Amino acid sequence: MKVGIVGAGFVGSTAAYAMVLGGVASEIVLIDINQAMARAHAEDIQHATPWSHSAWITAGDYPKIAGAEVVILACGVSQRPDETRLQLLGRNAKVFEEVIPRIMHYAPRAVLLVASNPVDVITHMVTRISKLDQQRVIGSGTILDTARFRSLIGEHIGVASRSVHAYVLGEHGDSEVLAWSSVRVGGVPLHEFAAQIGSPIRETVKGSIDEGVRRAAYRIIKGKGATYHGIGAGLARIVQAVRDDEGAVLTVASLSTRIKRLEGICFSVPRVIGSSGVASELWPELSEAEYEALSRSAQVLRQATSELGY
């Protein structure tokens, strides 16, 4: 599979590295306004291939992504001091209005995978600019938050996180919803499993895990300036699901939804990912309080998108 990555900073380059380590792509093209940095990352990652999987990693301009089946968007501008979120979004809108037509010209059949933040609003924006079917534009959404949620639950109950099925829904941000009601461990509801092993999930435990998930980015950014390993691996996982037409269930953002009251908003729920992007979506078991929280999260995103004019 050939993958293009627009934006070769921390997230874009780490996604490329994760794909090489996992054998996800046979060819990766890095594009960045800083061409020297893109070339340096391409060369450095290429040197990992003897110890992992064969792949060609190059840097260049948009013509080089011709034939790409997936294009990851990890580009955009950073927030300036005293700049509002809406001002930042306005500047990013100009970036994507320039970038998306170039991608569509050279890779018109690609699935677009958005990693740039705020990912929900930008995924909505990219869907409108590209004029692609909604299913073919995927935002990384809450895939990282979901990974954090599963990891912390697994740590608490002493089970491998891959055996924990749990989802974070809604916005990739402060209003996100941890869907405790639908958590399963080996097919067993979390509370039942926890009772069986003598490690009950009390409200204090929920509060600690909620804090661990919701504040993770702030802690990581404070410690090292940016988050990129977790999301890089998450992006590689999404690309793998597209490559293999896998039908993997992943919490990604998309405008494609049939959920009443939530139409027309880009946000995360569990979605089935295949070769054409989003094949379908799932609706996990939610309590009334969780559903109301998801509705509030959707309203946050509706307002932000409306203010931007999309």
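**Note on strands, helices and a pocket**

1. Seven bridges join β12 to strand β13, which covers residues 267-274, and these two strands run antiparallel. Within this pairing, A253 of β12 has S268 in β13 standing opposite. Strand β12 is also mostly covered, since six of its seven residues are buried. As a caution for a reader new to the structure, the model is a predicted one.

2. Strand β12 (248-254) appears again in the second largest pocket, where β12, α5 (143-157) and α9 (229-243) are the elements that give two or more residues to the lining. The space in this pocket comes to about 670 Å³. Its lining is made up of 21 residues, and those closest to the centre of the pocket are A147, R150, R162, R237 and L250. Sorted by class, the lining holds 10 nonpolar residues, eight polar residues and three charged residues.

3. A separate open sheet contains three strands in the order β7-β10-β11, and their pairing is antiparallel. Its edge strands are β7, at residues 164-165, and β11, at residues 188-189, each of which pairs on one side only. Between β10 (residues 184-185) and β11 there are two bridges, and V185 stands opposite V188 in β11. In general, the strands of a sheet pair through backbone hydrogen bonds, in either a parallel or an antiparallel manner.

4. Helix α4, residues 119-130, has 12 residues that should span 16 Å at 1.5 Å a residue, and its end C-alpha atoms are indeed 16 Å apart, which agrees. Of these 12 residues 11 are buried, so α4 is largely enclosed by the rest of the structure. The buried residues of α4 include D120, H124 and T127, as well as V119, V121, I122, M125, V126 and I129. Just after this helix, K131 takes a positive phi of about 60 degrees.

5. Helix α7, residues 203-214, likewise has 12 residues, and it reaches 16 Å from its first C-alpha to its last, close to the 16 Å expected at 1.5 Å a residue. The buried residues of α7 are V205, K206, I209, G212 and V213. Seen down the axis of α7, these buried residues fall within an arc of 125 degrees, so they line one face of the helix. The face of α7 turned away from that buried side carries the exposed residues E203, T204 and S208.

Technical notes: Residues numbered from 1 in each chain as written. Predicted model: local features only at pLDDT ≥ 70, side-chain atom pairs only at ≥ 80, totals over all residues. Heavy atoms only, no water. Pairing = 2+ DSSP bridges. Helix = DSSP H or I, 4+ residues; strand = E, 2+ residues; numbered from the N terminus. 1 Å grid on protein atoms, 1.4 Å probe; cavity = no way out; pocket = protein on both sides within 12 Å on 5 of 7 lines; lining within 4 Å. Points joined across faces, edges and corners; volume = space filled by probe spheres on them. Nonpolar A, V, L, I, M, F, W, Y, C, P; charged D, E, K, R; others polar. Expected span 1.5 Å × (residues − 1). Buried < 20%, exposed > 50% of the residue type's maximum accessible area, 1.4 Å probe, protein only. Arc of directions from axis to C-beta.
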